[in-house]
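Thanks for coming. I have one structure to go through today, and I will keep to the ligand and the pocket.

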Amino acid sequence: MKPAASVSLPHAESVLALLGPLAPRFELSVIPECSSTNTVLRDETCSGPGRVRVLIAHRQTGGRGRRGREWLSWPGASLTFSSRWAFEPADGVPVGLSLVAGIALARVLEEIGVTGVQLKWPNDILVSGRKIAGILVELSPERGQMAAVVGIGLNLALPDAVALPAGLPVTDLSRHVHPSPDPNLVVARILAELHALFETYAQAGFSALKGAWAQRNAFAGQPVRILADEHETLGVCEGVDDDGALLLRTERGLERILSGDVSLRPHTG
Ligand code: ATP
């Protein structure tokens, strides 16, 4: 399979140069291959105090989504990287982190010229209903604090004949921005935006960012299904609350869905 368009791969020095004054806050490396950047950062010993560890892989052989699902990527066709951020344990519920990372990614895509960017609770980025990126947040302990490993997979220019597991239709950046942006710049902008928004989140909680999420909610006011292992719940998506929990209007009233073990799907029936 060949990529739909050739895209250069990120380099550590270029990303750091583009981060400018923020560069000293990051400990960043780029490697040719690993199974999953989230797995490596989750298992790594802690980074220097106050620094954010970032790992970019040109190729992931075992990219992961939530609940054991697979994230597919191709060298030069996808960006796959993880960053590890320290939080106080009291800073908020993990679902909020995934939503904040989604806002950061959405803002960067909009800034580089993508229109129709949407967020699907809790962890997907869509463009006009097609999935362009996924986020996987995993928690691990760090020096009495909590570290959140934030994995991002962003489609840059998917190969012509991709075979993805059944899910939402997909898209990539090359279909929305011409010429394709420098991947170094995309990574640097995402890291800078995560840096700013996680600071807001740590200080003011998700409520300070709820509006930014709601304005991009892909399913606002629409009928959706919430799938859990054994059952599904039907309702209308009413947005998110101050913790980042999904608000679902069901026949029983307004329900708050906080579990990370559920999936949201449009309800067309
Ligand atoms: P949920 O709503 O529970 O998040 P999901 O299907 O979006 O469900 P994720 O864990 O977020 O699940 O992501 C993994 C899924 O994303 C895969 O099962 C597949 O359907 C889809 N997928 C995998 N690779 C890509 C990719 N490069 N681009 C778009 N979608 C992908």
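How many residues surround the ligand, and which are the closest? Before I answer, note that this is a predicted model. There are 17 residues around the ligand. The closest are Arg66, Arg69, Lys120, Asp124 and Ser263.

Now some individual contacts, all of them to oxygen atoms of the ligand. With Arg66 the partner is a polar backbone atom, and the distance is 2.5 Å. Arg69 uses its side chain instead: a polar atom there sits 2.6 Å from a ligand oxygen. Asn123 also contributes a polar side-chain atom, at 2.8 Å from an oxygen of the ligand. As for cover, the ligand taken alone exposes 610 Å², and the protein buries 96% of that.

Next, the largest pocket. Its space comes to about 670 Å³. The lining has 36 residues, and the closest to the pocket centre are Gly65, Glu70, Trp71, Asp124 and Lys131. Asp124 you have heard already, as one of the closest residues to the ligand.

Which elements give two or more residues to that lining? One is a helix, H2 (37-43). The others are strands: E3 (78-87), E6 (130-142), E7 (145-155) and E12 (263-266).

By residue class, the lining of the largest pocket holds 14 nonpolar, 14 polar and eight charged residues. By domain, at least three lining residues come from domain 1 (12-214), and at least three from domain 2 (223-266).

That is what I have on the ligand and the pocket.

Methods: Residues numbered from 1 in each chain as written. Predicted model: local features only at pLDDT ≥ 70, side-chain atom pairs only at ≥ 80, totals over all residues. Heavy atoms only, no water. 1 Å grid on protein atoms, 1.4 Å probe; cavity = no way out; pocket = protein on both sides within 12 Å on 5 of 7 lines; lining within 4 Å. Points joined across faces, edges and corners; volume = space filled by probe spheres on them. Helix = DSSP H or I, 4+ residues; strand = E, 2+ residues; numbered from the N terminus. Nonpolar A, V, L, I, M, F, W, Y, C, P; charged D, E, K, R; others polar. Domains from an automatic or database assignment. Near = heavy atom within 4 Å. Polar contact = N/O pair within 3.5 Å; in protein donor to acceptor, adjacent residues only side chain to side chain. Areas by Shrake-Rupley, 256 points an atom, 1.4 Å probe, with all protein chains shown as cover.
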